[in-house]
Each structure stands twice: as C-alpha cells, then as structure tokens.
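Student: I have a new structure to look at, and I would like to learn how to read its features. Could you guide me?

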Amino acid sequence: MNPLIEVIDLTYSYQAGSDDEFRALKGVFLQVWPGEMLAITGQNGSGKSTLARHFNGLLTPQSGSVLVEGLSIADKKNTAAIRKLVGMVFQNPDNQLVSSIVEEDIAFGPENLGLPPAEIRKRVDWALDTLNLQHLRKVSPSGLSEGQKQLVAIAGVLAMKPKCIILDEPTAHLDPRGKREVLENIMRLNREEGITIILLTHFMNEVVHCDQMVVMEQGEIKLRGTPYAVFRQKEIILELGLDLPIAAQLATGLRQKGFKIPEDIIHTEELVDCLCQLK
Amino acid sequence: MFIGTEKLTYTYMSGTPFAATALNEVSFSLGKGEITLIIGPSGSGKSTLIQHLNGLLKPSSGRVYFKGQAIGSDKGELLRLRRRIGLVFQIPEEHFFSETIYDEIAFAPRNLGLAESEVRIRVKDALEKVGLRAEQLQYRHPFQLSAGQKRLVAVASVLSMNPEVLILDEPTAGLDPSHRRNLFALLDNLNRSGGLTVIISTHHLDDVVALAHSVFVLQGGRMVLAGPPSEIFTTREKLYDLGLSLPSVTEIMHSVKEKGLPVKTNIYTLAGARQEINRLKGRPGR
C-alpha cells in the first residue's frame with residue numbers, strides 16, 4: 001500500500017529571511033495512510049495548521065516535498081487534482097458557507113469542478129444523505145445552529161468526493177451537542193465511507209477516537225502512534241503541553257492509590273468497565 | 001447581592017418584525033468572591049446576559065444590580081459600571097487595536113484619566129498578574145505573540161482597570177490544554193488571593209468546573225437551572241435534553257452507577273472521584 005499523503009523533510013518559515021522569521025516547520029516527515037483517522041495535536045503555534053495547509057496545496061513547501069497519491073504539491077499542474085483528493089474544513093463555519101440555501105452551498109464545490117448538473121444533484125443528495133441533513137436542504141444556513149452549519153460545511157467538502165478530509169479544530173466554537181454531532185459524523189465518514197480523516201484538535205476526548213495520533217512541538221513531530229501508545233508516555237505528554245484524557249487521568253490517580261487498574265485506559269467506557277469489576 | 005439581575009428581559013430589534021427575545025425574565029444573585037459558570041447551548045443568551053452585566057446592553061425590562069444598587073441607564077453610571085466590571089470578549093485578540101502590548105493594556109487606565117506614571121504601574125502589575133514579563137514583551141506588537149499569550153494580554157488589558165468583577169466569554173476557545181490550564185490557574189489565583197469575583201461562559205466544563213462555586217444554565221433566554229455544581233450535574237437527562245453535557249468525571253460516575261456500583265453522582269472533580277471509589281472499594285491490596 002502506498003501512503004495517501006507523504007511528507008518528506010518539509011520546512012516552512014513565515015517572514016522567511018527577515019528578522020522576524022518564524023520557523024513553523026523544521027523538517028517534518030509523515031505518512032498518512034488511506035482509510036486512517038489521524039489526529040494531529042500539539043500546543044498553539046506548534047505547526048499543526050501550517051503542516052495541514054500543505055496537504056491540499058494552500059501552502060507550498062519552501063524545502064522538502066509533499067506528495068498526494070504521488071503527485072507533488074509543488075507542481076502547480078497538480079493543484080486542481082490534489083484539491084479534488086483532499087478537502088479542508090476550518091474552525092468557523094460562518095467563514096466557509098457561501099450561499100443562502102443549504103443545498104446550493106453544498107453544490108458550490110461540485111459546480112466548480114465543472115460537473116454535469118445531473119451528477120451535481122446526485123452528489124448533493126449523497127452528501128445530504130450521508131450526513132443526515134436532507135431535512136435542512138432548502139433552508140438558509142444563517143438559521144442553523146453552529147453545529148449544523150459545520151455539518152453543512154463538511155457536506156460541501158464531501159460533495160467533492162475527496163479521498164481525504166482535513167478538519168482544523170472543527171469543534172472549537174461548538175456547543176456540546178454540536179461537538180458530539182460533528183465528531184460522530186466525522187467518525188462515520190471514516191468508518192462507513194472509508195474517507196481518510198485528518199483531525200487537528202486540542203481536545204483529548206476527540207483524539208482517543210482516532211486510529212493514530214501525531215503530537216507536534218515547535219515545528220517538529222515529537223510522537224506518533226496509536227492513542228494508547230502515545231498516552232502511555234504520560235510525562236512527555238504533559239511536557240508537550242497536552243493532557244491525558246480524563247479517563248486516563250482518573251485511572252492513573254486510582255492506580256497511585258493502590259487500585260489494580262490496568263494500563264491503557266483512555267476511553268470512558270474502558271474505565272467504567274474496570275471500576276465495576278474492582279473487587 | 002454583590003452582582004445580579006432581576007427579571008432581566010432583552011429583545012433584539014424591538015418594535016420591528018425581526019424582534020427576538022434573547023433574555024426572558026432572568027434573575028440571579030451572586031456573592032462577592034464567587035466563581036460562576038454560565039453554560040447553555042449556542043444562542044441561549046449567554047453573551048447577551050454577560051453584556052448586560054457591564055452595561056454594554058440596556059435591559060428592555062428588569063434590572064441589573066451591582067453592590068445592592070440598581071444600575072440606572074444614564075451614560076455616566078454605565079461608564080462607572082464598566083470600570084468596576086471587566087469583560088473579556090470571545091476571541092478578544094481580534095479586537096486588538098494598538099501598536100504595542102503596552103498601549104493595548106494602557107488603554108483602559110488612560111481612559112480612567114490616570115497619570116502616565118500610574119498607568120505604567122498598572123500595565124506592569126496587569127502583565128505580572130497574568131504571568132507575562134513586562135520588560136520582555138511590552139513594546140512588542142500584539143500580533144507577534146502566540147495564541148495563548150494574546151489571550152493573556154487581553155485579560156491583562158481588562159485587569160489594568162482593577163475591576164471587582166471579571167467576566168470572560170468563552171475564554172478558552174481555540175486554546176491548547178496547557179494554555180487552558182494556565183488561564184484557569186490564573187483566575188483561581190486572582191480569586192483566592194484578591195477576592196476577585198469571576199463569571200465565565202463556557203462550553204468546556206472539564207477545564208474549569210473544579211473552580212466553580214455555582215453554575216447557571218441558560219436555554220432559550222431563560223435561566224433553567226442554577227446552583228452549586230454538586231447539584232446541577234445530578235440532573236443528567238435534563239442537561240442532555242438541553243443539548244449540554246456533563247463534566248467527564250460526572251459522566252463516568254453516572255455510567256458506573258448505571259452498571260450497578262452505588263457511587264454518588266454529584267461528583268465533578270478527579271479528587272472527588274478518587275475519594276468516592278476509595279470509599280466504596282477502599283483499602284486496596286489488603
């Protein structure tokens with residue numbers, strides 16, 4: 001199997017060459033595999049967004065390379081093909097919705113691909129069905145909740161039929177219900193539609209639902225592995241400015257009190273089960 | 001009553017076909033030195049309520065009280081209120097307008113008419129309170145800071161007025177875990193050492209619930225629940241119906257209880273959960 005996205009020794013600086021040069025990426029290597037759900041986390045300013053903006057050509061490498069299905073993003077001829085493969089969803093849905101009717105908004109992307117009208121309709125239907133938004137197709141996005149707006153933004157990207165969707169802190173501004181709905185739908189797109197998901201997030205309770213995670217610090221990738229493997233490295237996680245998931249924090253605290261709680265507890269359900277089995 | 005409202009009602013675009021009631025007879029009362037959380041789904045009226053508390057919005061009916069006095073509507077009185085009650089907006093760094101961090105933080109004390117020598121002291125104090133080094137940072141442009149530092153500067157720019165109440169609207173949106181920890185440690189410290197009264201609207205209970213003395217729940221412009229966190233989070237179904245969630249620790253305790261272990265569910269801190277498990281399953285290893 002070939003990686004869907006391959007990052008090779010990527011560097012990127014803002015204000016390169018000036019006194020204020022900020023080295024956002026310092027030689028990053030990363031492979032994103034087809035079908036995986038990958039979390040990218042790390043402190044504010046660690047380089048997450050700068051890295052992700054290279055995956056669909058919003059930024060081009062200053063040195064090193066990024067290949068999407070083998071196509072180099074440095075080559076402008078590939079930009080259109082890469083944008084079809086890799087879609088992007090941002091923090092604030094209000095900045096992403098362009099139309100006054102939900103279904104028109106979702107059709108915007110496929111229209112720009114120059115597809116025939118019948119195919120556009122098919123894709124809009126499919127995106128609405130997949131995200132359970134059919135009942136909202138004729139309404140104005142302005143009347144929707146923030147969570148629903150974010151789902152419409154995701155539907156707009158989905159209608160491009162990408163192989164990969166990058167979401168940059170998609171739940172940062174959402175209320176609890178909105179967060180839950182967006183996360184559940186992202187997980188379903190990954191598991192049922194096979195879409196590769198790259199989720200940038202500061203919430204460890206979202207990270208635990210991913211297959212793999214990457215922790216960045218100061219423009220470098222410091223940790224990569226399954227959430228179980230990464231959260232085992234408790235001290236490093238804290239040094240990198242992150243937290244353990246709450247279930248893992250409580251499990252650790254109980255272990256220190258002498259309770260026999262197994263390692264590798266990151267999900268609430270796992271902790272609940274073993275608390276109920278305590279002798 | 002230190003700060004509170006009585007039957008506060010606010011209607012946006014009152015008298016037009018677009019009139020919408022954002023707050024509906026909201027009454028509450030807070031004591032000095034309390035930390036209060038306001039939770040509720042998007043559009044429930046949290047921000048509208050907050051903006052009344054420092055006089056940015058005028059009630060359509062009902063009143064706002066501060067130190068036992070009803071707040072009138074004349075300009076001078078509202079201005080004085082804004083000096084006592086500081087408000088940190090959502091994503092406050094978007095509102096930065098000064099060329100240097102010094103000027104950003106000096107804006108409020110200068111407006112108070114203080115001499116520049118006094119302003120200088122206020123800026124230094126405010127930066128120290130939020131844990132930033134004045135000599136390192138004060139002459140830099142605000143946009144040269146990291147996201148976490150910008151948020152702290154925004155808090156400092158309000159603290160420089162020496163407010164008696166600090167209100168923060170979604171203060172951790174977009175911040176990473178360590179910056180969230182720092183910000184709440186700072187608020188805890190200001191509250192404990194200086195008796196600062198703090199009101200926080202948030203969607204992220206886990207970070208902050210351990211500090212809270214009381215929690216208000218808004219929905220559709222009404223105050224639907226109010227009380228200490230140990231009471232509020234026992235009503236799980238009600239909060240779910242409102243589209244809200246419990247603190248993760250409380251969620252764990254509810255799930256454990258459902259599976260048959262008779263734990264208390266009014267627990268919302270890690271320490272509380274450890275004690276409760278210990279109470280039921282204690283003396284491990286013997």
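Student: Is M13(B) buried or exposed, and why?

Tutor: Happily, and keep in mind that this is a predicted model. A residue counts as exposed when its relative accessible area is over 50%. M13(B) has a relative accessibility of 52%, so M13(B) counts as exposed.

Student: Where does M13(B) sit in chain B?

Tutor: Look at the loop between β1 (3-12) and β2 (20-30) of chain B: M13(B) is placed there. On the surface, M13(B) joins Y12(B) and F18(B) in a nonpolar patch, and together they have about 350 Å² of accessible area.

Student: Now the inside, please. Which residues have the most contacts inside the largest nonpolar core?

Tutor: They are V155(B), L166(B), I200(B), V217(B), F233(B) and L239(B), in a core of 52 residues. Helix α6 (residues 147-159) of chain B contributes the most to this core, with seven residues. Another core, of 49 residues, lies apart from it and includes V89(A), A107(A), L158(A) and C210(A).

Student: What does L239(B) touch?

Tutor: Leaving out residues up to four places away in sequence, L239(B) touches V217(B), L225(B), I232(B), F233(B), L244(B) and L246(B).

Student: How is chain B divided into domains?

Tutor: Domain 1 covers 3-232 and domain 2 covers 247-286. Taken over C-alpha atoms, the centres of these two domains of chain B are 34 Å apart.

Student: And how many residues of each domain are in contact with the other?

Tutor: Seven residues of domain 1 of chain B are in contact with five of domain 2 of chain B.

How values were computed: Residues are numbered from 1 along each chain as its sequence is written. Chains are lettered from A and ligands numbered from 1 in the order in which they are written. This is a predicted model: local features need pLDDT of at least 70, side-chain atom pairs count only at pLDDT 80 or more; totals for chains, interfaces and linings use all residues. Side-chain values use heavy atoms; hydrogens and water are left out. Patches are made of residues with over 30% relative accessible area and no salt bridge: like charges are joined within 9 Å, nonpolar side chains (Val, Leu, Ile, Met, Phe, Trp, Tyr) within 5 Å. Accessible areas come from the Shrake-Rupley method with a 1.4 Å probe; for residues, only the protein chains shown count as cover. A salt bridge is a side-chain nitrogen of Lys or Arg within 4 Å of a carboxyl oxygen of Asp or Glu. Helices (H or I, at least four residues) and strands (E, at least two) are DSSP runs, numbered from the N terminus. Buried means under 20% relative accessible area, exposed over 50%, partly exposed in between (1.4 Å probe, protein chains only). A nonpolar core is a set of buried Ala, Val, Leu, Ile, Met, Phe, Trp, Tyr and Cys residues joined through side-chain atoms within 4.5 Å. Contact means heavy atoms within 4.5 Å. Domain bounds come from an automatic or database domain assignment.
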